[in-house]
Each structure stands twice: as C-alpha cells, then as structure tokens.
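Let's take a short walk through this model together, one selection at a time. Keep your viewer open and follow along.

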Amino acid sequence: MTKKLARLALLTALGLLAAWLEATLLPPLGLPGIKLGLANVFSVLALYMYGFGAAMLATLARVALSALLFGGLSSLLYALSGALLAVPCMALLRRLGGVSCVGASVGGGAAHNLGQIAAAALAAETPGLAAYLPLLLAAGAATGFVNGALALAVRKRFP
C-alpha cells in the first residue's frame, strides 16, 4: 500500500511538473484552448497502473495544485470540467477491453475538450461556442494520441 501511494504521489508530481513546463516553456499551439496536455500522460499511467480511483485522485490533485500554483479560478474551472469527463471516459474505454492506453487517451482528450467547451459555454452564457467543438475534438484526439503514445512508451520501459 505504501509503495502504491508513493508511486501515485510521484505520478501526480510528474504531472504537475509537466503542466508547469508546458505552461512556462512551450509555445502555445496557436488556437485558444488547445495545448498538448502533457500532464495527462501521468493520468493515463495512473489509470493503467492503479485503476480509475487512483487516476481520478492523482488527476484532481494535479489539477487543483496547477490552478493554485500557476493558474487561477478560470483555469481550475476548465481543467476540472475536462478532467471530470476525461478520466471516466478513459476508464470506460479501458474496461471495454482491447483498448490500449493510446486509444483511451484519444477518447480522454476528446472528452476533456467536450467538458471544457461545455464549461465555457455555461460560464460565458454563449451556446454558440459549440461551433468551436469540432476543432477542439480533433485537437483533443490528436494530442490524446501523442500523450497515449508517450504513456505506452513509458509503460513498456517501466512495467
């Protein structure tokens, strides 16, 4: 149990580090709301190593700490709304069987952006933001693929 908790804390810390690096060192991808989401690599790893509850806990801790340390209330709102859809979506895909962490991450990336656009539409009271959804879903799937491939590579090296 102690070993699992320590590894989960490490995954959370690595996710927080990845979020910080992405926020401070990597240039924006050009469109509002679109970023690589490298911290999600560690959420995928937590899911495949320890299951849904552990992945949700690690993700929520990372999201809260990220907002507290280098974000704000709006970043918390959008990240939380995305995470609350992404992690259960990935867990469901994993449970279906035959879905690798790459496939689950693609679904999670799309679900994350669905949650974000819903939060933005509610916060701005502008349902027209849904017109941006196809672009966000495509970006979420693409970045989900990259993050899932990174998670798979890590899993192969550190079973």
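Start by selecting A149. Is A149 buried or exposed? Neither: its relative accessible area is 33%, and because the partly exposed class runs between 20% and 50%, A149 counts as partly exposed. Show the cartoon around A149 and you will see that A149 belongs to helix α6, which covers residues 133-157. Now add S100 to the selection. The two residues are separated by 49 residues in sequence, yet the C-alpha atoms of A149 and S100 lie 9.5 Å apart in space.

Before going further, colour by confidence, since this is a predicted model. The chain has a mean pLDDT of 90, with 99% of its residues at 70 or more. Confidence is highest in α2, with a mean of 96, and lowest in helix α5 (residues 101-124), with a mean of 91.

**Next stop: S105**

Stay with helix α5 and select S105, which lies in that helix. Is S105 buried or exposed? With a relative accessible area of 4%, S105 falls under the 20% cut-off and is therefore buried. Which residues surround S105, once neighbours within four places in sequence are left aside? Display V44, M90, G144, N147 and G148: S105 is in contact with each of them.

**Then the pair α4 and α5**

Keep α5 visible and bring in helix α4, residues 73-96. The axes of α4 and α5 come within 7 Å and cross at roughly 145 degrees, and the crossing is right-handed. Colour the contact of α4 with α5 by residue class and you should find 15 nonpolar residues, nine polar ones and no charged ones.

**Last stop: α2 and α3**

Finally, select helix α2 (residues 40-50) together with helix α3 (residues 52-70). How are two packed helices described? By the angle between their axes and the distance between the axes. For α2 and α3 the angle is about 155 degrees, and the axes are 7 Å apart. Angles over 145 degrees count as roughly antiparallel, so α2 and α3 are roughly antiparallel to each other. Their crossing is right-handed.

To see what makes the contact, show side chains for N40, S43, A46, L47 and Y50 on α2, and for F52, A54, A55, A58, T59 and R62 on α3. By class, this contact of α2 with α3 holds seven nonpolar, three polar and one charged residues.

Methods:
Residues numbered from 1 in each chain as written. Predicted model: local features only at pLDDT ≥ 70, side-chain atom pairs only at ≥ 80, totals over all residues. Heavy atoms only, no water. Helix = DSSP H or I, 4+ residues; strand = E, 2+ residues; numbered from the N terminus. Buried < 20%, exposed > 50% of the residue type's maximum accessible area, 1.4 Å probe, protein only. Axes fitted to C-alpha atoms, helices over the stretch in contact; angles between N-to-C directions. Parallel < 35°, antiparallel > 145°, perpendicular 65-115°, else oblique. Left-handed = near helix turned anticlockwise from the far one by under 90°. Contact = heavy atoms within 4.5 Å. Nonpolar A, V, L, I, M, F, W, Y, C, P; charged D, E, K, R; others polar. pLDDT = per-residue confidence, 0-100.
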